[in-house]
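Q: I have a model open and a list of labels attached to its residues. Can we go through what earns each label?

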Amino acid sequence: EIAYGAEVYRDRQLDTVYIGGGTPTTLEPEQLDRLLTEIGKHFDLSKVQEFTVEAGRPDSITREKLEVIRKHPVTRISINPQTMNQKTLEIIGRRHTVEETKEAFLLARELGFDNINIDLMYGLPRQTMAEWKVSLEKATALPVTHISTYGLKLSDRTLWGKWVQEGRLELPGEDLNADMQLYAMEYLEKAGFPRYEISNFAKIGYPCRHNTAYWIR
């Protein structure tokens with residue numbers, strides 16, 4: 001598919017590269033290396049301004065995998081714990097821990113990644129405003145340059161959507177969701193992460209070029 005895409009878009013110059021969403025870091029180090037090598041083999045990356053690799057689950061990140069990624073012209077890492085509250089992680093069935101999340105961010109920074117995003121979600125099952133505030137505080141204490149905050153949206157056809165209809169799953173109401181979003185906007189602005197797009201906040205000089213491209217083109 002990489003070779004095919006390079007042929008289809010052979011007259012285009014890449015500005016950004018984004019591998020994700022999801023969890024590309026579930027791949028083994030050798031597979032990651034092959035993927036990144038093939039991209040560099042088939043596309044001219046000389047003028048790429050931003051190259052992001054997502055790591056959807058912090059527990060999928062290892063030193064060996066980050067060292068492989070570091071060998072390639074990747075400039076940005078996105079790690080997606082969704083919450084920095086251990087109880088909420090367990091409720092939503094995430095396998096990683098808050099401690100593993102911290103270790104993943106510190107390891108990425110140690111290995112030289114200086115542009116790191118964290119994904120957080122609000123409106124999660126049984127999530128409270130107090131928990132949301134703690135998640136934001138813990139996130140800004142990490143070596144991150146970019147924070148994405150997404151409100152949970154469910155399709156009626158998903159398992160959680162069906163559970164909500166059956167009364168088996170309780171989600172925060174619309175008012176609390178709105179309050180969580182407004183609080184994030186106020187808190188992150190004061191913490192040095194001004195909002196540059198609906199769900200995204202970044203330190204000065206670190207807005208995601210790939211995100212921004214969707215809004216300006």
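A: Start with patches: a nonpolar patch joins nonpolar side chains within 5 Å, from residues with over 30% relative accessible area and no salt bridge. Keep in mind that this is a predicted model.

Q: Which residues make the nonpolar surface patch?
A: I198, Y214, W215 and I216 make it, and the patch covers about 530 Å².

Q: What makes I216 eligible for a patch, and what is I216 called, buried or exposed?
A: The relative accessibility of I216 is 63%. A patch asks for over 30%, so I216 passes. Exposed means over 50%, so I216 is also called exposed. I216 sits in helix α9, residues 209-216.

Q: Which residues form the negative surface patch?
A: E28, E30, E64 and E67 form it. Glu counts as negative, and like charges are joined within 9 Å.

Q: What makes E67 fit that patch when its label is partly exposed?
A: E67 has a relative accessible area of 38%. The patch cut-off is over 30%, so 38% is enough. Exposed needs over 50% and buried needs under 20%, so E67 falls in between and is partly exposed. E67 is placed in helix α3.

Q: How do you know that K71 and D33 form a salt bridge?
A: Their closest N and O atoms are 3.5 Å apart. The limit is 4 Å between a side-chain nitrogen of Lys or Arg and a carboxyl oxygen of Asp or Glu, so the pair qualifies. Side chains of opposite charge can pair when their charged atoms come close.

Q: Why is the K71 and D33 pair said to link distant parts of the chain?
A: The two are 38 residues apart. K71 is in the loop between α3 (63-70) and β3 (76-82), while D33 is in helix α2, residues 29-42.

Q: What are the exposure labels of K71 and D33?
A: K71 has a relative accessible area of 60%. That is over 50%, so K71 is exposed. D33 comes to 22%. That value is not under 20% and not over 50%, so D33 is partly exposed.

Q: What makes E38 and K41 a salt bridge, and where do they lie?
A: The closest N and O atoms of E38 and K41 are 3.0 Å apart, and the limit is 4 Å, so the label holds. Both lie in helix α2, three residues apart, which is about one turn of the helix. K41 is exposed at 57%, whereas E38 is partly exposed at 23%.

Q: How do you know that D59 and R57 meet in a salt bridge?
A: The N to O distance is 3.0 Å. That is within 4 Å, so the label holds. D59 is partly exposed at 26%. A search of the whole structure finds six salt bridges.

Q: Why is T88 called buried?
A: T88 has 1% relative accessibility, and buried means under 20%, so the label follows. T88 lies in helix α4, residues 86-91. Leaving aside neighbours within four places in sequence, T88 is in contact with T83, L124 and E131.

Q: What makes L111 buried, and which residues does L111 contact?
A: L111 has a relative accessible area of 18%. That is under 20%, so L111 is buried. L111 is in the loop between α5 (98-110) and β4. Beyond neighbours within four places in sequence, L111 is in contact with R63, L66, E67 and R70. L111 and E67 are 44 residues apart in sequence, yet 7.2 Å apart C-alpha to C-alpha.

Q: Why is the phi of Q82 worth a remark?
A: Most residues other than glycine have a negative phi. Q82 is not a glycine, and its phi is positive, about 75°. Q82 is found in strand β3 and is buried at 14%.

Q: What is the phi of R126, and is R126 buried or exposed?
A: The phi of R126 is positive, about 60°, although R126 is not a glycine. R126 has 59% relative accessibility. That is over 50%, so R126 is exposed. R126 is in the loop between β4 (116-122) and α6 (129-140).

Technical notes. Residues are numbered from 1 along each chain as its sequence is written. This is a predicted model: local features need pLDDT of at least 70, side-chain atom pairs count only at pLDDT 80 or more; totals for chains, interfaces and linings use all residues. Side-chain values use heavy atoms; hydrogens and water are left out. Helices (H or I, at least four residues) and strands (E, at least two) are DSSP runs, numbered from the N terminus. Buried means under 20% relative accessible area, exposed over 50%, partly exposed in between (1.4 Å probe, protein chains only). Accessible areas come from the Shrake-Rupley method with a 1.4 Å probe; for residues, only the protein chains shown count as cover. Contact means heavy atoms within 4.5 Å. The place of a charge is taken as NZ of Lys, CZ of Arg, CG of Asp or CD of Glu.
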